[in-house]
Amino acid sequence: MATLTLEELSQILAPGQPVAGLDLGTKTIGLSVSDIGRRLATPRPVLKRVKFTQDAALLLAFAAKEKIAAFVIGLPVNMDGSAGPRVQATRAFVRSMSEKTDIPFVFWDERLSTVAAERTLIEMDVSRKKRAERIDSAAASFILQGALDRLSSLARTAGAD
């Protein structure tokens, strides 16, 4: 199972299974994890990227430790909706990961997630140095929280039917 839509994921997730959010950068991978009720995204420490095989091993160890059922990965589309080199790199990363794991991936439009994360950290009076350390995980939390909110909406709609 490589990639799913959020609607497809909502059909296969069992109760109590956490989901992880990923903000894939060139130097780090921002991480966040949902609670078992899938209501709240919580940032986790970033993974420093080295090379794909090591990155994949660290990510899968993280997934095993946290009992992750799916990854929601930010898709960095341009503001006009077009796909640039970072979108291609993200899709390639997911394709390569799908050869190493059965954990499904869901792409989530991450436009402005880093901007929103930085704004929040500034509002919390986090120093510039600490913001640089935390921004990727904060962005992963914004990505995951958006997906969790949509999953919740899908569950309410399904329950009303």
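Visitor: What pattern of helices and strands does the protein chain follow, read along the sequence?

Guide: This is a predicted model, so local features need pLDDT of at least 70 and side-chain atom pairs count only at pLDDT 80 or more, while totals for chains, interfaces and linings use all residues. Residues are numbered from 1 along each chain as its sequence is written, and side-chain values use heavy atoms, with hydrogens and water left out. The chain has five helices and six strands (DSSP runs: H or I, at least four residues, for helices; E, at least two, for strands; numbered from the N terminus). Laid out along the sequence, they give β-α-β-β-β-α-β-α-β-α-α.

Visitor: What share of the residues in the protein chain count as buried?

Guide: Buried means under 20% relative accessible area, exposed over 50%, and partly exposed in between (1.4 Å probe, protein chains only). Out of 161 residues in the chain, the buried share is 42%.

Visitor: And what share of the contacts join residues at least 24 apart?

Guide: A contact is heavy atoms within 4.5 Å. Taking contacts in the chain between residues at least 6 apart in sequence, the share joining residues at least 24 apart is 65%.

Visitor: Which element gives the largest share of the largest nonpolar core?

Guide: That core (buried Ala, Val, Leu, Ile, Met, Phe, Trp, Tyr and Cys joined through side-chain atoms within 4.5 Å) has 19 residues, and Leu22, Leu59 and Phe71 touch the most other members. Strand 2, strand 3, helix 2, strand 5 and helix 3 are the elements that give two or more residues to this core. With four residues, the largest share comes from helix 2.

Visitor: What does leucine 22 touch?

Guide: Let's skip residues up to four places away in sequence. Leucine 22 then touches Ile29, Gly30, Leu31, Leu59, Phe71, Val72, Ile73, Gly74, Phe105, Ala140 and Ile143.

Visitor: Where do the buried residues of helix 2 sit, and which elements do they pack against?

Guide: Helix 2 runs over residues 52-66, and Asp55, Ala56, Leu59, Phe62, Ala63 and Glu66 are buried in it. They cover an arc of only 125 degrees around the axis, which puts them on the same side of helix 2 (the arc is that of the directions from the helix axis to the C-beta atoms). The face turned away from that side carries exposed Ala64 and Lys65. The buried side packs against strand 2 (19-24), strand 3 (28-34), strand 4 (41-48), strand 5 (70-75) and helix 3 (85-98).

Visitor: Is glutamate 66 buried or exposed?

Guide: Glutamate 66 lies in helix 2. Leaving aside neighbours within four places in sequence, glutamate 66 is in contact with Pro18, Val33 and Arg44. Its relative accessibility is 18%, so glutamate 66 counts as buried.

Visitor: Which residue follows helix 2, and what is its phi near?

Guide: Helix 2 itself has 15 residues and reaches 21 Å from its first C-alpha to its last, close to the 21 Å expected (1.5 Å times one less than the number of residues). The residue after helix 2 is lysine 67, with a positive phi near 60 degrees.

Visitor: Which exposed residues does helix 3 carry on the face turned away from its buried side?

Guide: In helix 3, the buried residues are Val87, Thr90, Phe93, Val94 and Met97. They span an arc of only 125 degrees around the axis, so they lie on the same side of helix 3. Their cover includes strand 1 (3-4), strand 2, strand 3, helix 2, strand 5 and strand 6 (105-109). The face turned away carries Pro85, Gln88 and Arg95.
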